[in-house]
Amino acid sequence: MAKYIAKRVLISIVTLWVLVTVVFVLVRCMPGDPFQGDKMTPEIRANMEAYYGFDKSLPEQYIQYIQNLLHGDFGYSMKYTNQSVNKIITQTFPYSFDLGIRALAFAISFGLVFGILAALHRGKKLDYVCVVIAILGTSIPDFIMGAILQYLFGIKWGLLPVAQYLGFRYTILPSIGIGFYTLAMVSRLMRASMLEVVQQDYIKTAKSKGISKMKIIYKHQIRNAITPVVTVLGPIVASVLCGTFVIESIFAIPGMGKYYVESVQNLDYSLVLGMTVFFGFFLILANLIVDILYGIIDPQVRVQESR
């Protein structure tokens, strides 16, 4: 198991380095001028380029950025005066993370339950209800879902607040808006995986031995069917935890999404690069955790990796 984890950690480190390198080059190739403006004089431009290191060659800029990155320094924003990228991430990420955790808890728990119930009641009314929910979740964009939730639960029925982030009640609608797609995907995948597991010989063998139905469902069907679900959770977890721009905008949540999109529009190279690397780190970390969980759940993975 230790060899398997060490290999995955090494792959993750290499992946993160490749990500940083590619994004650094692509950001520098973005069209436009981050220093343009009516009051921008040649002297001010020269000072700005020297301050952000643009007066150096691209390899020198890259080496300097890697050195700063190893010290946890993402640099300073080019558009937000006296604001470091670290400070912006520190201020915005807790909102996105908190909202993402709530959305994931809602999506994964209900998604697994709906998928299991749909598979156990295949062809019955409960199965059709779960399938319809899954189809709606994967078909309706999150901004449409957010607007529908705001109108029904906030405006028409007055049950929940429609904007801001001032307490638990304010998190319910945006959490559902972000997590509904994940819920639908987990539900569909769990249902399909459960139906496939039911056809396996070891399930028939367990039934022939007289093992109770609940024990077969819990110990054999759910445990084996959940493996494909765990596999796809890595990128989903990272994307949800780092914020969704549309939902954060609709519900007036001061998370990372707004700053990330505005940094691209404003040609804020430092903020684009810093937030992309930060998001990529979370994505790689989530995939690493999933790989480790995958190895724990399925011993065959560890055996294959050790060969």
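A residue is called buried when its relative accessible area is under 20%, exposed when the value is over 50%, and partly exposed in between. The legends below apply these cut-offs to a predicted model.

**View 1. Q61 in helix α3 and its contacts.** Q61 belongs to helix α3, which covers residues 58-70. Its relative accessibility is 10%, so Q61 counts as buried. Leaving aside residues up to four places away in sequence, Q61 touches F24, R28, G53, F54 and K56.

**View 2. A nonpolar surface patch that includes L26.** Six residues, L10, V14, W17, V18, V22 and L26, make a nonpolar patch of about 570 Å² on the surface. L26 sits in helix α1, which covers residues 2-28. With a relative accessibility of 54%, L26 counts as exposed because the value is over 50%.

**View 3. A252 in the loop between α11 and α12.** The loop that holds A252 lies between α11 (245-250) and α12 (256-265). The phi angle of A252 is near 55°, a positive value in a residue other than glycine. A relative accessible area of 43% makes A252 partly exposed.

**View 4. L267 in the loop between α12 and α13.** L267 is placed in the loop that runs between α12 and α13 (269-297). Although L267 is not a glycine, its phi is positive, at about 55°. The relative accessible area of L267 is 12%, and L267 is therefore buried.

How values were computed: Residues numbered from 1 in each chain as written. Predicted model: local features only at pLDDT ≥ 70, side-chain atom pairs only at ≥ 80, totals over all residues. Heavy atoms only, no water. Helix = DSSP H or I, 4+ residues; strand = E, 2+ residues; numbered from the N terminus. Buried < 20%, exposed > 50% of the residue type's maximum accessible area, 1.4 Å probe, protein only. Contact = heavy atoms within 4.5 Å. Patch = residues over 30% accessible without salt bridge, like charges linked within 9 Å, V, L, I, M, F, W, Y side chains within 5 Å. Areas by Shrake-Rupley, 256 points an atom, 1.4 Å probe, with all protein chains shown as cover. Salt bridge = Lys/Arg side-chain N within 4 Å of Asp/Glu carboxyl O.
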